[in-house]
Amino acid sequence: MKYFLLKTDSIYTTSPNIINWYEKIDKRNIHPQSAYKLPKRELFFIRDNPNTIFTDIISDPFFLVSDIVKDVICMYEKGVIYKEVILLDPKYEKCKRYFLPILPEVECLSKSSRLNLDRSFIHQAVFLQSKIEGHAIFKIAGINSDSYIAGNLEVVESILKRGTVGVGLVEVEIEAEEGESADDRCREGTRTNKIKRF
């Protein structure tokens, strides 16, 4: 099964830009164990822009999804906690409801993955197959970021076929064991990270 990182497509340069969020939410609580410390509903202002496009996924400063994507997550991952988020541009009278999903966390990165020194940015993600089995969509654990969310091919196809906007995908290489890719094992060739835009 193929897996992808889900993010805001970089070609959507006018996706919502959340401002002063750090005054209202502590990112350290975006975890299943401490999600109860987060408000059930929160309002965030976004930078005023007449051309804002409300993408169905927002990956910065934390992972937010539209109603459509939330419905897909509910299909594949039971028991996920959701915090409701309203994004508002008062100047141009624009607003949209999103959800902050508190997804299961999986420490799945192989030693072949490439990260920056403080582990806040993934240059190349390589998953261990044994760690991701049974997980349809999850947050990558063991890194200093709350924005890296991965989903399998079924989840991704379900999201895309609903006409979503601004969903960026990066295909992830899978290793059957440390140092041995799943593609090598089944002789399907080497899989590389590719950014796909929709």
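Six salt bridges were counted in this predicted model. Side chains of opposite charge can pair when their charged atoms come close. A good place to begin is the pair formed by R28 and D26, whose side chains meet with N and O 2.8 Å apart. R28 is exposed, with a relative accessible area of 65%, whereas D26 is partly exposed at 29%.

A second pair joins E84 to R97, with the closest N and O atoms 3.6 Å apart. This bridge links distant parts of the chain, since E84 lies in strand 6 and R97 in strand 7, 13 residues apart. E84 counts as buried because its relative accessible area is 18%, which is under the 20% limit. R97, at 35%, is partly exposed. The two residues also belong to a wider arrangement: R41, D67, E84 and R97 are linked in a network of salt bridges.

The side chains of D146 and K139 form another salt bridge, at 3.1 Å from N to O. Here both partners, D146 and K139, are buried.

What, then, of a charged residue that is buried yet has no salt bridge? K70 is such a case: the nearest side chain of opposite charge, that of D71, is 4.8 Å away. A salt bridge requires the nitrogen and the oxygen to be within 4 Å, so the distance of 4.8 Å between K70 and D71 does not qualify. Apart from neighbours within four places in sequence, K70 is in contact with V65, Y82 and F99.

K70 sits in helix 1, which spans residues 67-76. Which residues of helix 1 are buried? They are V69, K70, V72 and I73. Viewed down the axis of helix 1, these buried residues fall within an arc of 160 degrees, so they line one face of the helix. Several elements take part in covering the buried residues of helix 1. Among them are strand 4 (57-58), strand 5 (64-65), strand 6 (81-89) and strand 7 (94-102). Strand 12 (137-140) and helix 3 (153-160) are also included in this cover.

Finally, the cysteines can be considered. The structure holds zero disulfides. C74 is partly exposed, with a relative accessibility of 29%. C95, by contrast, is exposed, because its relative accessible area of 52% is over the 50% limit.

How values were computed. Residues numbered from 1 in each chain as written. Predicted model: local features only at pLDDT ≥ 70, side-chain atom pairs only at ≥ 80, totals over all residues. Heavy atoms only, no water. Disulfide = S-S within 2.5 Å. Buried < 20%, exposed > 50% of the residue type's maximum accessible area, 1.4 Å probe, protein only. Helix = DSSP H or I, 4+ residues; strand = E, 2+ residues; numbered from the N terminus. Lys, Arg positive; Asp, Glu negative; His and termini not counted. Contact = heavy atoms within 4.5 Å. Arc of directions from axis to C-beta.
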